[in-house]
Amino acid sequence: ERAQQYTVGQKIHGFTVKEVTAVPDLFLTSVKLSHDATGAQYLHAARDDSNNLFSVQFRTTPMDSTGVPHILEHTVLCGSQRFPCRDPFFKMLNRSLSTFMNAFTASDYTMYPFSTQNAKDFQNLLSVYLDAVFFPCLRELDFCQEGWRLEHETPTDPSSRLMFKGVVFNEMKGVFSDNESLYAQHLQNKLLPDHTYAVVSGGAPLDIPDLTWEQLKHFHATHYHPSNARFFTYGDLPLEQHLQQIEEEALSKFERTEPNTAVPPQAHWDKPRVDHVTCRPDALAPDPMKQNTLCMSYLLGDITDTFEAFTLSLLSSLMISGPNSPFYKALIEPEIGSDFSSSVGFDGSTRQASFTIGLQGMAEDNTETVKHIIAQTIDDIVATGFEEEQIEALLHKIEIQMKHQSTSFGLALASYIASCWNHDGDPVQLLKISENVSRFRQCLKENPRYLQDKVQHYFKDNTHRLTLTMSPDERFLEKQAEAEEQKLQQKIQNLSDADHKDIYEKGLQLLAVQSTTQDASCLPALKVSDIEPIIPYTPVQLGTAGGVPVQCCEQPTNGMVYFRAMCNLNSLPEDLKIYVPLFCSVITKLGCGELDYRQQAQRIELKTGGMSVSPQIIPDTDQLDLYEQGIMLSSSCLERNLPDMFQLWSDIFNRLVFFQETEKEIFKSLCKCIDFILMHLHRPAGDLQRDGPGDLQQLCTVKFMKRIAELTDLTSVLRKLPRIKRHLLNPENMRCAVNATPQKMSDAAGEVERFIANIAANRKERKPVRPTIVERSHRSPSSSCQEPHFKPCQMKTYFQLPFNVNFVSECVRTVPFSHADYASLCILARMMTAKFLHGEIREKGGAYGGGARMGGGGLFSFYSYRDPNSTQTLSAFRGGVEWARAGKFTQQDIDEAKLSVFSAVDAPVAPSDKGLGRFLNGITDEMKQRHRERLFAVTNKNLTDVAGR
């Protein structure tokens, strides 16, 4: 309401209001301003949301692949005029209650966002971010640490070999060890070859060592200027305060310039082009002969034409999403490849959008076939168009996306508008989603061939088309290593004796700087007393329906209903367990009741926000060796579609169909499971051990899935699915949870009751198989069990993976959630990360990240991520424990760790997820409050105690 009172032309702290627009779709009011002196653009989205966000983005358009915008993004965060300490960015993580802090380098902009729920914290972070981007120190040693440097393998030993080091250098080697990232990069470079999109903005590993410190400083001076900046704020804090602080601390110190950063449109080709690239062979491919990728990429219109871009992104979904789409039928069902290439679809991240279609995991001799199918499918779409129901399902999906409330809505908005706004498009137009939907419906009404005409224009008649193939080269990694060695020798050859001496001294200097304790007192900080002592209470009603426990949680869900059911594995025979992930990934895709799998997919799209089933392992809160294994069913829908959603679940329970088609679906799911797990390996290694017995099994699962994927006959696997279903989709082993608005809760509860009656009527009596079940009182809905064949033991494992960087992790069994020491271990993990491991693993070791964390299952894990070292990192882990045992930390260090832990404990929870911790883990508000009080109470002695143990 406050925001709606601004008037166009009003002057506020050096800014002028340009337009004020209510956006009822998203429950916000947008205020657009510009800065009088510098021309800086500003957009404020006022919304009743306490998770306030700030972001500043600069248009960064490099003309080479040295990674200058990316290395600059890292280096500006290493100290500034008002905050000259090293690494204020990482230090603020422990001096604030931020819910998000990061920075991103895209192809043509660099963005610095943060969010927090605390007003004082917002001002603190805003000061640090403004000073970092506008007045950074950009010291030479920071450039060497973050970007690249020549250094002795052992910096203290001048006789050890010289090598390339640097955080971004290693990060980009990690990025391009992934074939899909490599392909996507080539695709953009070759489709848009005339300007900034022809280079690698993140930096190509072999070009990074050509960047000089002088070039970095020059790039900052020309690009990081208010005249080239776009500011965005979001949330319920008053706009005036933001404007005043930004004007006083930054903008008032600048004059207007004319930034020469605009991206010209790409010249349109008069005939299509073809190109080829190579990649490393994939050791985990189910069929070594099927490792090729082929895509056709089309250049579309300018993304600043927001309605046209909206239409084309809808069109793209209609062409490729789900089993009813024409390209899915034409390319995926014949099983020519393992899946669509990950570059497939609409891409609106460059000034002119593009659309890509093609396959990965295909054999080389299918190249012509795939090209022919793509051309033929485009002809078919031009001839026949799309079914009305497909279009309705897609528009329904958009309606759900608008209604669903995420906790990071501000961040999602900032990312959503970034590209269009970056090229001077109107960001507010992008937010008017239902206006675009109405206009889209109107166009279809006026011209039933509206979409077919677009396909004709942008695909059939478009000569700006690139066909890019990629095939594995056995010597790829070898050639890469040779090229890096050649680059290194070339650098070394040109060195004089004085240079050698300089490199050695700089290495020692950097090591000395990294090893000195930093004085961070110049940085602003919240105090522990700024943290709320008592958690807000989340009321839930516990009841039963047909003997099944049901938890109801009334929340402002904006007209959505969220349903979850947990089915435990207690009665499942041991030999079937390894098939559970596979069962989960296919169970909602096989068809059910009267519907075949295509009709079912359409129905799910049309009536729900998605239906998924996932394996769960939930640690017990009191005993380390107890845990619950099960599967979780999740779905959501608009209130009006409640009966339809539960009908779909009933049919999956009662009338599941195992057709011949099932076999294809299983095979595709296998390949996807393997890809998905390997993709997750690119996350921090510590994430692997987040919940104890669970995720590490994934690597064993990959081997198992690969074995099944190589079978020629899947009948034996098919027979197991109905057996698993009988045990798992069983009301006797089930508990449910519903989140809905108070007005709709009784309807939702009624539907759950009908659903349970429906599935119970269909059961035959089953005897439980497993006598080792321990009934737990506090978690009445569920029962944890002890695994008779699982004994924790010490293990050293090594997984050989085809990456040229490492992921290192070490876990220690400690205590469960309810134990008095659990809080101390949480604080210890955070403090050890910030005060010891970060310096050892990232700054000195050159890894992209590293640290320690305390997991819910009582596992204390150390991890590193995209790490050039291995044994050195294991020594750093042990060093961290010694450091803590020796008590080499201050009260300030403890307080900072507490702030950091509380920022995670108090992270906002979406209405759809409220009460979920209680439902899954049995952790009540009372238990959370007790944990909170223990966190506040942690002392120096507690920390040295738990480290010693």
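In the predicted model, the buried residues of helix α11 (buried meaning under 20% relative accessible area with a 1.4 Å probe and protein chains only) are Thr367, Val370, Ile373, Ile374, Thr377, Ile378, Ile381 and Val382. An α-helix has 3.6 residues a turn, so residues three or four places apart point the same way. The buried residues of α11 pack, through heavy atoms within 4.5 Å, against β13 (292–302), α9 (306–320), α10 (326–332), β16 (352–362), α16 (450–460) and β17 (465–472). Helix α11, which comprises residues 367–384, has 18 residues and reaches 26 Å from its first C-alpha to its last, close to the 26 Å expected at 1.5 Å a residue, where the expected span is 1.5 Å times one less than the number of residues. Just after α11, Gly385 takes a positive phi of about 70°.

Residues are numbered from 1 along each chain as its sequence is written. In this predicted model local features need pLDDT of at least 70, side-chain atom pairs count only at pLDDT 80 or more, and totals for chains, interfaces and linings use all residues, while side-chain values use heavy atoms, with hydrogens and water left out.

The largest nonpolar core, a set of buried Ala, Val, Leu, Ile, Met, Phe, Trp, Tyr and Cys residues joined through side-chain atoms within 4.5 Å, has 84 residues, and those with the most contacts inside it are Leu33, Phe54, Tyr112, Phe134, Phe231 and Ile246. Helix α3 (residues 119–134) contributes the largest share of this core, nine residues. Apart from this core lies another, of 68 residues, including Leu28, Leu318, Ala353 and Ile373. Beyond its neighbours within four places in sequence, Phe231 is in contact with residues including Phe54, Leu130, Phe134, Ile246 and Trp421.

Three strands form an open sheet in the order β26-β28-β27, with antiparallel pairing, two strands being paired if DSSP finds at least two bridges between them. The edge strands, each pairing on one side only, are β26 (806–813) and β27 (849–854). Strand β28 (residues 859–867) pairs with β27 over six bridges in the antiparallel sense, and Gly850 stands opposite Ser864 in β28. Helix α26 (residues 822–844) lies across β27 and β28 and runs at about 170° to β27, whereas helix α27 (residues 871–885) lies across β26 and β28 and runs at about 35° to β26; these angles run from 0 to 180 degrees between N-to-C directions, with axes fitted to C-alpha atoms, for helices over the stretch in contact. Helices (H or I, at least four residues) and strands (E, at least two) are DSSP runs, numbered from the N terminus.

How values were computed: Buried means under 20% relative accessible area, exposed over 50%, partly exposed in between (1.4 Å probe, protein chains only).
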